[in-house]
Amino acid sequence: ALRATENRADEVTANLFHFLDDNTFLSFDHEDIEKLIQHGDGVIDLLWGAANRIANTYELRDPDPELLEMSRIILAMTSEIKNLLGKLKDIKHAKRLKEIIDQFHAEENLADDLRDKIAKRRYQAAKKDPSLEPPRNAWAEVIQHLERATDKCVDITDVLGNLNRKY
């Protein structure tokens, strides 16, 4: 199911690029729309990568509470992005956009802090018990994917902020 969802997202991305190539009547620069598509695809790829590592590659169990908090942050960010994209044609009237951009930057910083907290705790545990080293490294990959997904969400709001200033 994970792979099918990620494959479907890749198909949508390809279709959007074909649509851009075939349509010149869009009211936004193609480059801005391409950035939104690329960053959105990046979020999906990173989330798929994290989920795949948890479920299939490493069959991980017992996530850190901070990992669950990172997941909640990403869910909130992607929900807000969906809401903003639904109002794209009215981007110049997006009064809350600056607030949302600032909020996303703060949430991305929080995700960085959570990543570091998890890494430190798992590192300390592995120092005491070397048998914990492989799971610590596996979780580190997952955490890095999630943190990079928050970076991509910030990139999307930055593009939306640029659109707001342009139009």
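Residues here count as buried under 20% relative accessible area, as exposed over 50%, and as partly exposed in between, using a 1.4 Å probe and the protein chains only. By that yardstick threonine 5 is exposed, because its relative accessibility is 56%. Threonine 5 sits in helix H1.

A word on ground rules. This is a predicted model, so local features need pLDDT of at least 70 and side-chain atom pairs count only at pLDDT 80 or more, while totals for chains, interfaces and linings use all residues. Residues are numbered from 1 along each chain as its sequence is written, and side-chain values use heavy atoms, with hydrogens and water left out.

**Overall layout**

The protein has five helices and zero strands, and reading from the N terminus the order is α-α-α-α-α. Helices (H or I, at least four residues) and strands (E, at least two) are DSSP runs, numbered from the N terminus. The C-alpha trace spans about 60 × 35 × 20 Å along its principal axes. Of the 167 residues, 38% count as buried.

**How H5 packs**

Helix H5 covers 133-166 and packs against both H2 and H4. The axes are lines fitted to C-alpha atoms, for helices over the stretch in contact, and the angles run from 0 to 180 degrees between N-to-C directions. The H2 and H5 axes come within 8 Å and cross at roughly 165°, which means H2 is roughly antiparallel to H5. For H4 (residues 97-128) and H5, the angle is about 170° and the axes are 9 Å apart, so these two are also roughly antiparallel. The labels go by angle: under 35 degrees is roughly parallel, over 145 roughly antiparallel, 65 to 115 roughly perpendicular, and the rest oblique.

For residue classes, Ala, Val, Leu, Ile, Met, Phe, Trp, Tyr, Cys and Pro are nonpolar, Asp, Glu, Lys and Arg are charged, and the others, Gly among them, are polar. Here is the breakdown for the two contacts and for the lining of the largest pocket:

| Region | Nonpolar | Polar | Charged |
|---|---|---|---|
| Contact of H2 with H5 | 15 residues | five residues | eight residues |
| Contact of H4 with H5 | 13 residues | six residues | nine residues |
| Lining of the largest pocket | 17 residues | three residues | two residues |

**Two residues on H5**

Cysteine 153 lies in helix H5 and is buried, with a relative accessible area of 0%. Its C-alpha atom is 9.7 Å from that of leucine 36, although the two are 117 residues apart along the chain. Threonine 5 and arginine 122 are also 117 residues apart in sequence, but their C-alpha atoms are 31 Å apart in space.

Alanine 140 is in H5 as well, and it is partly exposed at 39% relative accessible area. The C-alpha atoms of alanine 140 and alanine 119 are separated by 6.7 Å, with their positions 21 residues apart in the numbering.

**The largest pocket**

The largest pocket has a volume of about 570 Å³. Of its 22 lining residues, Leu16, Leu36, Ile37, Gly40 and Leu85 are the closest to the centre. On a 1 Å grid over the protein atoms alone, a pocket is an open set of points with protein on both sides within 12 Å along at least five of seven lines, and lining residues have an atom within 4 Å of a point. Grid points are joined across faces, edges and corners, and the volume is the space filled by probe spheres set on the points.

H1 (2-22), H2 (30-57), H3 (65-86) and H5 each supply at least two lining residues, and H2 gives the most, with seven.

Notes. 1 Å grid on protein atoms, 1.4 Å probe; cavity = no way out; pocket = protein on both sides within 12 Å on 5 of 7 lines; lining within 4 Å.
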